[in-house]
Amino acid sequence: MAESEASPVASLQEEATCPVCLEYFSDPVGTECGHNFCRACISQCWDGADGRLPCPECRELCHRGSLKANRQLKNIVRITQQLALQSARSLEAGLCAKHDEKLKNTLENMRQKIVTEFEELRKFLNNQERLLLSRLEKMDSKLATAEKAKMSELSGRISSLGNLVAEIEEKCKLAAGDFMKDAKLTLNKCAKVKFQKPEEKMKYCKVGVNLDPVTAHPRLIISEARRCVEYGENTKLLPEDPRRFDFFPCVLGSEGFTTGRYYWEVEVRGGGGWYVGAARESVKRKGGTNILPSDGIWAIWGWKNEYKVLTSPLTILSPKVTLSKLGVYLDYEGRQLSLYNADTLEHLYTFRHVFTEKIYPFFWVASKVKLCLV
């Protein structure tokens, strides 16, 4: 979106985002060249180096000791998070009210149409009855016996027609009543529904997922069973491999999917930052990796009790309870990837995308957190 078209909240969110981790600044510090980074991000970029070091943004050389805490930027980040949350809630409230009013108007229009068509039918039948009776009264009394018999038969048919009109009228009244009753029940159900619940068939789509050490960042520690991953203090010396992530601490599942429906669960242990979701096979693995749907990664971010999705604009999530176990549901042909609180089955978010290549489970792990497949 062009700068002139961006909303104030979206623009403020962009300014409050660290260019390295693409998250809100955490303990922001400024370099000599005027750029800002999370203290942990700039420390990681300069890890193990001394002297004058290149700025990750403009590559100008700076002294490690010149970093200065930016308290004003830290306050701006806090205000931005509050504004984004308020904006998301206001938008949701407005949409619910708009859709509810639109449904009510549609039901009322349908009811009016039924009533109008019934009235026109009743008037037509009444007019036909009066016309036939009038013709009978005007017929000459000298009509032959055969003709009188025919008129008597016609009169009987008219009487039956009158009974039919009464029956139709009663059925229309009952149908209109049932329609309004069903409409009210539908409105009540719609008012109670907030999020889509996971389908029962998800239980039958659960698969066992293992981690692929070949794709793991050199600082990640994979358990012997390849079911858990955490961030290590030391960088391992590993052979160069085009499948390995070398900048951000990411790892993929060992099996990819090109068709069907699959469900897996991930347990979150600790209070550090993490991403859980899925990625396409061709996702960028060398250098900085953007955790964005446009770059082939569909994931939810969590840190302590904060959760979000890096959509455009940013989507802030507010689950009912702290997330300790996540469920990931991939429907390849259905063109969607949904995330749930696996403990409560609360729906968190659904990505919609036309998948065209193999999709793998995706994990991003920061320090002080451990992700385990269950």
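In the predicted model, K308 lies over the face of Y24, at 4.5 Å from the ring centre. A second ring is engaged by this lysine: the charged end of K308 sits over the ring of W301, 4.6 Å from its centre.

Aromatic side chains also associate with one another, and nine aromatic pairs are found in the structure. In one of these, F247 and F248 meet edge-to-face, with a centre-to-centre distance of 4.8 Å and an angle of 85 degrees between the planes. F247 has a relative accessible area of 33% and is therefore classed as partly exposed, whereas F248, at 9%, falls under the 20% limit and so counts as buried. The pair formed by F257 and Y262 is stacked, the ring centres being 4.0 Å apart and the planes 20 degrees from each other. Both F257 and Y262 are buried. Ring pairs connect F257 and Y262 with W264, and the three residues make up a cluster.

The second largest pocket encloses about 1,000 Å³ of space. Its lining comprises 38 residues, of which E23, S26, A40, C41 and W303 are the closest to the pocket centre. Two or more lining residues are supplied by each of the helices α2 (39-45) and α3 (71-138) and by each of the strands β11 (297-303) and β12 (306-309). Helix α2 provides the largest share, with five residues. In terms of residue class, the lining of this pocket contains 18 nonpolar, nine polar and eleven charged residues.

An open sheet is built from three strands arranged in the order β2-β1-β5, with antiparallel pairing. Strands β2 (36-38) and β5 (68-69) form the edges of this sheet, each pairing on one side only. In general, the strands of a sheet pair through backbone hydrogen bonds, in either a parallel or an antiparallel manner. Between β1 (residues 28-30) and β2, the antiparallel pairing extends over three bridges. At the residue level, V29 has F37 of β2 as its bridge partner.

Conventions. Residues are numbered from 1 along each chain as its sequence is written. This is a predicted model: local features need pLDDT of at least 70, side-chain atom pairs count only at pLDDT 80 or more; totals for chains, interfaces and linings use all residues. Side-chain values use heavy atoms; hydrogens and water are left out. Rings of Phe, Tyr and Trp (its six-membered ring) pair if their centres lie within 6.5 Å; planes under 30 degrees apart count as stacked, over 60 as edge-to-face and the rest as tilted. Buried means under 20% relative accessible area, exposed over 50%, partly exposed in between (1.4 Å probe, protein chains only). A charge sits over a ring if NZ of Lys or CZ of Arg is within 6 Å of the ring centre and within 35 degrees of the ring normal. On a 1 Å grid over the protein atoms alone, a cavity is a set of points where a 1.4 Å probe fits but cannot get out, and a pocket is an open set with protein on both sides within 12 Å along at least five of seven lines; lining residues have an atom within 4 Å of a point. Grid points are joined across faces, edges and corners, and a volume is the space filled by probe spheres set on the points. Helices (H or I, at least four residues) and strands (E, at least two) are DSSP runs, numbered from the N terminus. Ala, Val, Leu, Ile, Met, Phe, Trp, Tyr, Cys and Pro count as nonpolar, Asp, Glu, Lys and Arg as charged, and the others, Gly among them, as polar. Two strands pair if DSSP finds at least two bridges between them.
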